[in-house]
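Biologist: Please take a close look at where individual residues are placed in this model, beginning with one chosen residue. I should like to know which residues are buried or exposed, and how they are paired with one another.

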Amino acid sequence: MTRRPRRNRKSEAVRRMAEETTLSLNNLIFPMFLIEGENQKEEVSSMPGIYRFSLDQLLVEIGECMDLGLRAFCLFPSISESLKDSMATEGHNPEGLYIQAIKAVKEKYPEACVMTDVAMDPYSSDGHDGIVRDGQIVNDDTLEVLGKMALAQARAGADIIGPSDMMDGRVAYIREMLDDEGFTDVSIMSYTAKYASAFYGPFRDALDSAPKFGDKKTYQMNPANKREALIEADLDYAEGADFMMVKPALAYLDVIHMLKENYELPITAYNVSGEYAMIKAAAEKGWLDGEKTMHESLLSIRRAGADVILTYFAKEFAQMIAKK
């Protein structure tokens, strides 16, 4: 035999030289949950090892992550029902929890990359990502709300704006608003192919943001569809997105790969809460080696074509690297 592939697997040193895919902290963004109050740190019951932090404790946690080498964080707020309304006005309140948190993180850690979430559901009394009228999600009027949110976040110091709502035309609307206000350097990481997935359950537990009626299938994508992601990607590219995201990740590796093959922009994948929870639950049962399964899962997302991964494993991965 002239070809023996095992020759390139014969030792750790050789395997490293032949390695096609690498994974480092530079590829990761750590999603973090923010709650009201002081000195609060609450574990999310369906996401072992993940916590909801009051702002003072969030700053401490980010400091620990920075010491481990993590540099990018995506913030998600959980606010009280009393602050929610049908127009999600708390989402662009400059004195509100979320905007103040962005400002505080950037003031304390100016070298950190802060990504934000633009969607109505954390602040909406309806729990949907858009304005609800007569039981329908209204697209175009929602853009005005999303634009106000993005602008408030940019003014607070956000580095990357993440519209996760899946309203048509929102990237162009947000880009124009940011540019008109002089925020031409603020990036947009669009949730390009966000599927109506069953893997979001633990996230909704963390934020108490489940829709009060119906579901999100009229704006999030059908899990059966792949080519439709190209339509969304074409629009986001033309409208000025700087990154394009696929969400979830593990069940949609083919979509990640397709976008990577067709676009020059960095491709992002969101390794979502349900994907995290499954591995954690199996590891707690002793059915899987949690650390090795985490690493293999993240590596598979990179191998599929993701340049950046939002993952709840980010700190754990950083701790694993630090041990070696």
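**Buried and exposed residues**

Modeller: With a relative accessible area of 0%, Met 245 is buried. The model is a predicted one, so the values below are computed from its atoms. Buried is used here for a relative accessible area under 20%, exposed for over 50%, and partly exposed for what falls in between. Met 245 belongs to strand E10. Its C-alpha atom is 5.3 Å from that of Ala 269, although the two residues are 24 residues apart in sequence.

Another methionine offers a similar exercise. Met 320 is part of helix H11, which runs over residues 314-323. Its relative accessibility is 4%, and Met 320 therefore counts as buried. Along the chain, Met 320 and Leu 68 are 252 residues apart, yet their C-alpha atoms are separated by 9.9 Å.

Strand E10 leads to a feature of the backbone. Most residues other than glycine have a negative phi, and most peptide bonds are trans. The bond joining Lys 247 and Pro 248 is cis, with omega at about -5°. Pro 248 is placed in the loop between strand E10 (243-247) and helix H8 (253-262).

Two loop residues deserve attention for their phi angles. In Asn 39, a residue other than glycine, phi is positive, near 55°. Asn 39 sits in the loop between strand E1 (28-34) and strand E2 (41-43), and it counts as exposed because its relative accessibility is 57%. Asp 134 also has a positive phi near 55° and is a residue other than glycine. The loop that holds Asp 134 lies between strand E6 (131-133) and strand E7 (136-138). Asp 134 is exposed, since its relative accessibility is 80%.

The cysteines are considered next. A disulfide is a covalent bond between the sulfur atoms of two cysteines. The cut-off for counting one is a pair of cysteine sulfur atoms within 2.5 Å. By this rule, the structure has zero disulfides. Why does Cys 74 form no such bond with Cys 113? The closest cysteine sulfur to that of Cys 74 is in Cys 113, at 9.5 Å, which is too far for a bond. Seen from the other partner, Cys 113 is in no disulfide, its nearest cysteine sulfur being that of Cys 74, 9.5 Å away. The surroundings of the two residues can be stated as well. Cys 74 has 0% relative accessibility and so counts as buried, whereas Cys 113 has 23% and so counts as partly exposed.

Charged side chains complete the picture. Side chains of opposite charge can pair when their charged atoms come close. This structure holds 20 salt bridges. In one of them, the side chains of Arg 170 and Asp 165 meet at 3.4 Å, N to O. Arg 170 is buried because its relative accessibility is 2%, and Asp 165 is buried too, with a relative accessible area of 0%. Elsewhere, Glu 12, Arg 15, Arg 16 and Glu 19 are joined into one network by salt bridges that share partners.

Within that network, Arg 16 and Glu 12 form a salt bridge of 2.9 Å, N to O. The two residues both lie in helix H1, four residues apart, which is about one turn of the helix. Glu 12 counts as partly exposed at 42% relative accessibility, while Arg 16 counts as exposed at 52%.

A further salt bridge pairs Arg 155 with Glu 181, whose closest N and O atoms are 3.5 Å apart. Arg 155 lies in helix H4 (residues 140-156) and Glu 181 in the loop between helix H5 (170-180) and strand E9 (187-194), so this pair ties together parts that are 26 residues apart in sequence. Arg 155 is exposed, at 53% relative accessibility, and Glu 181 is partly exposed, at 43%.

Finally, some positive charges gather on the surface. Arg 3, Arg 4, Arg 6, Arg 7, Arg 9 and Lys 10 form a patch of positive charge there. Lys 10, one of this group, lies in the segment before helix H1 (12-17). Its relative accessible area is 64%, and Lys 10 is therefore exposed.

Definitions and conventions
Residues numbered from 1 in each chain as written. Predicted model: local features only at pLDDT ≥ 70, side-chain atom pairs only at ≥ 80, totals over all residues. Heavy atoms only, no water. Buried < 20%, exposed > 50% of the residue type's maximum accessible area, 1.4 Å probe, protein only. Patch = residues over 30% accessible without salt bridge, like charges linked within 9 Å, V, L, I, M, F, W, Y side chains within 5 Å. Areas by Shrake-Rupley, 256 points an atom, 1.4 Å probe, with all protein chains shown as cover. Salt bridge = Lys/Arg side-chain N within 4 Å of Asp/Glu carboxyl O. Lys, Arg positive; Asp, Glu negative; His and termini not counted. Charge placed at Lys NZ, Arg CZ, Asp CG, Glu CD.
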